[in-house]
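Could you walk me through this structure one selection at a time? I have it open in my viewer and would like to know what to click on next and what I will find there.

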Amino acid sequence: MADKKHIDEISGVETTGHEWDGIRELNNPMPRWWVYTFYATIVWAIGYTIMYPAWPLLTDNTKGLLGYSSRAEVAAELTAAKSSQAVYLDRIATLPLEEIVADKELTQFAVAGGAAAFKVNCSPCHGSGAAGGAGYPNLNDDDWLWGGDLEAIHTTIAHGIRFDQDPDTRVSEMPAYADILDGDQIKQVAAYVVSLTGTPLNASMVEPGQQIFAENCASCHGEDAKGGRDFGAPNLADAIWLKVDGEAQIAAQIRQPRHGAMPGWAQRLGDTTVKQLTVYVHQLGGGE
């Protein structure tokens, strides 16, 4: 004989038979709106799988009656985007840099494209904000090794620094003065260099260091030690240091200099993108 269903005395509703700590669960039916909505979702799901790509097969998938493809839609959007950019890219490709920056709309496009290219290709060394780091120049200031005008920046980006794969790369090498000067002379030169922007450890070394500097270093760094862009020689009188900081490190750099390298990006990115990078770097704040 089947068990008699339990009816709740207060609500008069049948219970499910479940009980927790004396509390019984009422077997209330779901609201009709909820049931109809549930049925509608089932119908919608079946219709969707018929009309759109849905079911995976062994080597492919069902295509759906509408023949819709999200990949085809994305491809069409990319084609449209490239088509809208082509007008600007064609102008950048043919115009000289001075005419590009003279056109406000074209400059905005070039800066946007250059910023995107910079984040992908340049930020690993120069940082996402182009502030540089130890051994990597800050591109936001006005301290330039090879020049900060449009043409100079373009040449540096296009052909790189000490980039063996490009015959037009910028090349400069500071000799290892450990082979030319003795230890005391190197310390004297370091003391002189420090004296240009700070206080050396031994002031008595400054004067002989200045003489040694004039005889060995001024041909590249200049008599006033403010650098030489023809050689990529740094300005030593502005307290901006690329590879070293401090008298001991300066002496070490004089003794056995470290030479950085930068790839030439024209071969990889093409001249149009290099022009956009040039405009972007130039407008960061230090462009001349």
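Start by selecting M262, which sits in the loop between α10 (247–255) and α11 (266–269). Keep in mind as you go that this is a predicted model. Leaving aside residues up to four places away in sequence, M262 touches T156, I157, G160, I161 and F163.

Now add some partners to your selection. Under "binding site", an unreviewed UniProt entry lists M262 together with C122, C125 and H126. These positions span 141 residues in sequence, yet no two of their C-alpha atoms are more than 10.9 Å apart, so they gather at one spot.

Next, zoom in on C122. Where is C122 along the chain? Look in the loop between α4 (104–121) and α5 (123–126). Is C122 buried or exposed? Its relative accessibility is 11%, so C122 counts as buried. With residues up to four places away in sequence set aside, C122 touches A117, G127 and L277.

**Stop two: helix α6 and what follows**

Two of the residues that M262 touches, T156 and I157, are also among the buried residues of α6, so colour that helix next. Helix α6 covers residues 150–159. How many of its ten residues are buried? Seven are, and α6 is thus described as mostly covered. To highlight them, pick L150, A152, I153, H154, T156, I157 and A158. Then show the neighbours: the cover over these buried residues includes α3 (97–102), α11 and α12.

Step just past the end of α6 and you reach G160, where phi is positive, at about 75°.

**Stop three: two alanines with a positive phi**

Before you click, here is some background: most residues other than glycine have a negative phi. Select A130, in the loop between α5 and α6. Its phi is near 65°, a positive value in a residue other than glycine. A130 has a relative accessible area of 0%, so it is buried.

Now jump to A239, in the loop between α9 (218–221) and α10. A239 is not a glycine either, although its phi is positive at about 65°. What is the relative accessible area of A239? The value is 46%, and A239 is therefore partly exposed.

**Stop four: helices that cross**

Two packed helices are described by the angle between their axes and the distance between the axes. Try this with α2 (residues 70–94) and α12 (residues 271–282), which pack at an angle of about 85° with their axes 9 Å apart. The two helices are therefore roughly perpendicular to each other. To see the contact itself, show the side chains of L89, I92, A93 and T94 on α2, and of T272, K275 and Q276 on α12. Sorted by class, this contact has three nonpolar, three polar and one charged residues.

Keep α2 on screen and bring in α4. Here the angle is about 100° and the axes are 10 Å apart, which makes α2 roughly perpendicular to α4. From α2, the contact uses Q85, Y88, L89, R91 and I92, while α4 brings E105, L106, F109 and A110. The residues of this contact divide into six nonpolar, one polar and two charged. Notice that L89 and I92 take part in the contact with α12 and also in the contact with α4.

**Stop five: helix α7 and its surroundings**

Select residues 183–195 to pick out α7, a helix of 13 residues. From its first C-alpha to its last it reaches 19 Å, close to the 18 Å expected at 1.5 Å a residue. Which residues of α7 are buried? They are I186, Q188, V189, A190, A191, Y192, V193 and V194. These buried residues pack against α8 (206–216) and α10.

From Y192, draw a distance to Q211, a residue in helix α8. Their C-alpha atoms are separated by 9.2 Å, with the two positions 19 residues apart along the chain. Q211 has 47% relative accessibility, so it counts as partly exposed.

**Last stop: residues 33–55**

Finally, select residues 33–55, a stretch that an unreviewed UniProt entry lists as "transmembrane region". How much of this stretch is helix? Over these residues the chain is 83% helix and 0% strand, and the end C-alpha atoms are 30 Å apart.

Note on methods: Residues are numbered from 1 along each chain as its sequence is written. This is a predicted model: local features need pLDDT of at least 70, side-chain atom pairs count only at pLDDT 80 or more; totals for chains, interfaces and linings use all residues. Side-chain values use heavy atoms; hydrogens and water are left out. UniProt positions are given in the numbering used here, feature names are shortened, and annotations may be inferred rather than shown by experiment. Helices (H or I, at least four residues) and strands (E, at least two) are DSSP runs, numbered from the N terminus. Buried means under 20% relative accessible area, exposed over 50%, partly exposed in between (1.4 Å probe, protein chains only). Contact means heavy atoms within 4.5 Å. Axes are lines fitted to C-alpha atoms, for helices over the stretch in contact, and angles run from 0 to 180 degrees between N-to-C directions. Angles under 35 degrees count as roughly parallel, over 145 as roughly antiparallel, 65 to 115 as roughly perpendicular and the rest as oblique. Ala, Val, Leu, Ile, Met, Phe, Trp, Tyr, Cys and Pro count as nonpolar, Asp, Glu, Lys and Arg as charged, and the others, Gly among them, as polar. The expected span of a helix is 1.5 Å times one less than its number of residues.
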